[in-house]
Every structure is written in C-alpha cells, then in structure tokens.
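Me: Could you walk me through this structure with a few questions and answers? I'd like to see the reasoning behind each one.

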Amino acid sequence: MQIQCTWPANEMRFGSSSLINLSKHLYADFRFVKTKTGATPRPSFSATMSTVSTQNDVVSGQSESIQKTQQPLQVAKRLEKFKTTIFTQMSSLAIKYGAINLGQGFPNFDGPEFVKEAAIQAIIDGKNQYARGYGVPDLNSAIAERFKKDTGLVVDPEKEITVTSGCTEAIAATMLGLINPGDEVILFAPFYDSYEATLSMAGAQVKGITLRPPDFSVPVDELKSTISKNTRAILLNSPHNPTGKMFTREELNEIASLCIENDVLVFTDEVYDKLAFEMDHISLASLPGMYERTVTMNSLGKTFSLTGWKIGWAIAPPHLTWGVRQAHSYLTFATSTPMQWAAATALRAPDSYYVELKRDYQAKKAILVEGLKAVGFKVYPSSGTYFVVVDHTPFGLENDVAFCEYLIKEVGVVAIPTSVFYLNPEDGKNLVRFTFCKDEGTLRAAVDRMKEKLRK
C-alpha cells in the first residue's frame with residue numbers, strides 16, 4: 001500500500017517547520033493577532049491521502065481506493081487569536097539548533113531532597129487517591145501558616161484557601177469564577193500570556209496599562225482614567241514577569257485607593273514573592289481595606305524549583321472563594337494528592353531555606369547581568385523574579401522576534417521576544433527577556449557564546 005500526502009507549503013504555518021521562519025512570518029502573526037479583533041485567518045491543514053492497489057489485492061482480485069480529506073482545525077472564536085505559546089516555540093528551536101535555553105522560566109536543576117522525599121513517602125503511605133476538592137487539609141493549613149508569617153493576615157484554611165493545579169489554574173478559576181462576560185479587567189503590560197487568554201475565555205473586556213522602561217513604573221493618571229463603571233477587577237503580578245519589576249508600596253497604595261473608591265476587585269499573582277532582591281515583597285491583600293476585595297494567587301514551583309508538580313493556590317475571603325471554588329470544581333476538581341502532602345512539608349521549611357534560595361539566585365543574576373552588559377546590551381533593573389529584560393537594539397535587528405531568531409541560529413542562545421506580552425506588540429519590539437534560573441555553568445556558557453558571536 002502506498003500513501004501519498006500533500007501539504008501545501010503555505011498551509012504549514014503552525015507545524016514544527018514553521019518555527020524556523022520567525023523574523024518575518026511569526027512577528028507578522030503576533031502583530032496581526034494582537035491588534036485585530038473579530039475574525040482572523042485560521043490555519044488550514046489539508047492532506048489528501050489515497051491508497052492504490054497493492055499486490056495483496058491480487059488474492060482477492062479486488063482493488064481498493066479510498067480518498068480522505070482532513071478538515072481544517074477548529075477552535076472556538078474566543079480562542080482564535082491565540083497561537084502556540086512563544087515558550088513552546090522557542091524551546092523547540094532551542095532543541096533544533098542546540099541552543100542554550102535562557103528563554104523559558106524553568107530551572108535546569110532539581111528541587112530540594114527533603115521535599116522530594118516527602119512526596120515519595122506520601123506515595124508509599126498510600127496517599128494516592130483523589131484529594132479533597134479544595135485541598136489536602138494539611139496543605140491548606142501550611143499555606144495559612146505561611147501567609148500569616150509573610151503578611152500578618154490570619155485566614156481560615158477551610159474557607160479561604162483553594163488548592164489548584166498550579167498558579168495557572170488558580171488564575172483560570174479566579175477569572176472564570178468571578179468575571180462575567182463584558183466585565184472590564186485591567187492588565188499591566190507586559191503580562192504573562194495566560195492572563196489574556198483566560199480572560200478571553202471568560203468573555204472579559206481587557207484594558208491595558210503599559211509599563212515602560214527604564215523603571216516600568218505605574219502611570220497612575222492613566223490608570224485612573226482607564227477605570228470605569230464597568231471595571232470589575234485589576235490583575236497585577238509582583239514581582240513582575242517579564243520585567244523583574246516590584247510594585248512599590250506607593251504604587252500599591254495608589255492602586256488600593258482606586259480599587260476601594262471604585263469598588264474594584266484585585267487579583268494578584270505572587271508566584272515570585274520569595275525571589276525579591278532589591279526590596280521586600282508586599283502582598284496587596286495586606287494593605288488596609290484590601291483583603292476583602294483581593295484574590296492572592298501563588299504556587300510551589302518557583303520557590304522550590306518543582307515547576308512540574310503544578311501545585312498552586314488562591315487565598316480570598318469566603319465571598320470570593322465561593323466563585324473560585326465553583327470554577328475549580330469543574331476545571332480539575334482536585335490536584336495531585338501525594339504532591340500536596342509534600343508541598344505542606346515544603347512550606348514549613350525553615351527561614352534559612354529562603355535565605356539560601358535568595359543568595360543563590362543573586363549569584364546567578366550577577367553572572368547573567370554582568371555578562372549581558374559586557375556583551376553590549378542595555379540591561380534594565382530587575383528587583384525580583386528570575387528574569388532580566390534588555391534592549392536588543394544595539395545589535396541592529398528590526399524587532400525582538402528577528403533578534404531572537406538570529407540569537408538562536410547564529411549565536412546558540414535562546415531569549416524570549418517580549419512583544420507577545422503586550423496588547424500592542426509594537427510596545428515590546430525593542431525588548432527581549434532572559435532567565436537566570438539555570439546553573440552557573442549554563443549561564444557562563446551562554447554569556448561566552450554571546451561574547452564570541454554577537455556583534456553590534
């Protein structure tokens with residue numbers, strides 16, 4: 001039997017081969033997708049498969065001819081504008097070209113032994129069936145203990161904490177459980193790409209406030225003018241991905257005052273709270289009058305280098321927790337049981353663990369930042385997270401996607417183009433993001449490659 005497949009080249013846009021031609025094609029896709037509403041061209045995959053006579057047919061004296069046409073990919077309109085994530089694309093390119101991946105934010109080293117041993121013990125002890133929907137009681141208690149230690153706030157682990165499958169699910173459950181179609185939600189751009197996609201699923205109207213270099217400070221007057229009678233919530237991330245910015249107490253106070261004045265909710269993504277280098281992290285829920293209108297989201301993965309475990313949580317007063325739990329119940333219902341038991345052990349780690357974690361990441365950050373400056377980048381300050389944003393324009397490429405393509409193919413290092421994190425990609429075309437959640441040898445090797453091969 002012979003099988004013949006034809007895929008027109010112009011219909012291969014989102015297959016693995018399309019990842020190669022980024023500078024013109026991918027950038028155009030992102031720009032078009034992010035600035036247009038309504039219908040967008042959908043990728044069409046077509047193949048014609050035919051079978052022809054085979055020698056085996058001689059026995060039966062019959063021949064067989066079947067023709068099948070593969071249908072175009074289908075997706076709901078609310079998700080048409082979203083393509084394969086930039087992280088998937090860049091990680092694929094890293095493998096293809098043997099490049100050092102300083103793009104996607106996952107460590108290339110393992111989490112602590114005492115946490116892994118706790119997971120193994122939980123499995124051995126038979127803690128392997130469905131967990132209670134909103135969390136294993138011991139983990140809920142450990143989250144409440146940690147939150148009190150960090151913020152001074154006392155929360156009820158049974159009524160105000162919901163364990164989720166990573167912070168990404170906490171975000172989804174919060175948006176789907178508390179946002180109605182047509183509600184306005186304000187984002188600070190650049191933003192983690194999951195935010196806009198999840199808000200689109202909820203039918204929200206997204207309003208953007210752009211944070212601009214060098215310090216990415218909040219334009220308070222613009223925020224005031226953006227809030228309307230239809231504004232349901234503000235979503236913020238501090239420490240901030242991708243810029244490394246930490247919202248100052250003054251900025252948080254301004255945001256809090258506006259939320260109270262206009263009866264607006266706040267959803268805070270605080271997954272990098274233990275990676276705060278230049279100042280202390282402030283949880284917005286801890287400010288006067290804010291706990292009652294705030295959902296605080298966090299996770300285990302970044303702090304304990306266990307991103308694959310996907311253990312997250314949302315902390316909120318009971319009247320907001322109700323909506324979060326309703327959505328969570330129909331998204332995942334429950335999260336991995338043995339990993340929850342191990343997470344409880346992790347969150348009760350002594351303070352010395354967090355001191356050592358911060359010291360280790362500060363050393364990694366210094367290697368990357370000093371190296372990037374020596375190469376010739378303009379490096380913007382990063383007060384938290386394990387990311388650094390730089391201006392790539394000294395090297396003469398037309399935009400961030402073109403630069404990242406060049407960096408992968410010609411230099412052998414992966415960075416992330418930041419234009420995908422903006423409602424208007426033009427705002428991010430001069431910036432790229434590097435991560436330093438890698439071992440020191442990997443960071444030094446990447447810097448050496450850039451010193452050797454990257455030219456202004």
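**Aromatic pairs and the open sheet**

Me: Happy to start with a ring: is Phe-333 buried, partly exposed or exposed?
Reply: This is a predicted model, so the reply rests on computed values. Phe-333 has a relative accessibility of 41%. Buried needs under 20% and exposed over 50%, so Phe-333 counts as partly exposed.

Me: Thanks! How are the rings of Tyr-130 and Phe-333 arranged?
Reply: Tyr-130 sits in the loop between α4 and α5, and Phe-333 in the loop between α11 and α12, 203 residues apart. Tyr-130 is exposed, with a relative accessible area of 76%. The ring centres are 6.3 Å apart and the planes stand at 90°, so the pair is edge-to-face.

Me: And which kind of aromatic pair do Phe-304 and Tyr-353 form?
Reply: Phe-304 belongs to helix α10 and Tyr-353 to helix α13, so the pair ties together parts that are 49 residues apart in sequence. Both residues are buried. With 4.9 Å centre to centre and 10° between the planes, the pair is stacked.

Me: Let's turn to the sheet. Which strands stand at its edges?
Reply: Seven strands form an open sheet with mixed pairing, in the order β4-β10-β9-β8-β7-β5-β6. A strand at the edge has a single partner, so one side of it is left without a neighbour in the sheet. The edge strands are β4 (161-164) and β6 (205-210).

Me: Nice. Within that sheet, what is the bridge partner of Ser-299 in β10?
Reply: Strand β9 covers residues 294-299 and strand β10 covers residues 312-315. They pair in the antiparallel sense over four bridges. In β10, the partner of Ser-299 is Gly-312.

Me: Which helix lies across β4, β8, β9 and β10?
Reply: The helix in question spans residues 318-331 and runs at about 25° to β4. Its name is α11.

Me: One more side chain, please: how far is the backbone nitrogen of Ala-402 from a polar atom of the side chain of Asn-399?
Reply: Asn-399 lies in the loop between β12 and α14. At 4% relative accessibility, Asn-399 counts as buried. From a polar atom of its side chain to the backbone nitrogen of Ala-402, the distance is 2.8 Å.

Me: Finally, what share of the residues of the protein chain counts as buried?
Reply: The protein chain holds 15 helices and 15 strands. Its exposed area is about 20300 Å², with 51% supplied by carbon and sulfur atoms. Of the 456 residues, the buried share is 54%.

Conventions: Residues numbered from 1 in each chain as written. Predicted model: local features only at pLDDT ≥ 70, side-chain atom pairs only at ≥ 80, totals over all residues. Heavy atoms only, no water. Pairing = 2+ DSSP bridges. Helix = DSSP H or I, 4+ residues; strand = E, 2+ residues; numbered from the N terminus. Contact = heavy atoms within 4.5 Å. Axes fitted to C-alpha atoms, helices over the stretch in contact; angles between N-to-C directions. Buried < 20%, exposed > 50% of the residue type's maximum accessible area, 1.4 Å probe, protein only. Polar contact = N/O pair within 3.5 Å; in protein donor to acceptor, adjacent residues only side chain to side chain. Areas by Shrake-Rupley, 256 points an atom, 1.4 Å probe, with all protein chains shown as cover. Phe/Tyr/Trp six-rings, centres within 6.5 Å; stacked < 30°, edge-to-face > 60°.
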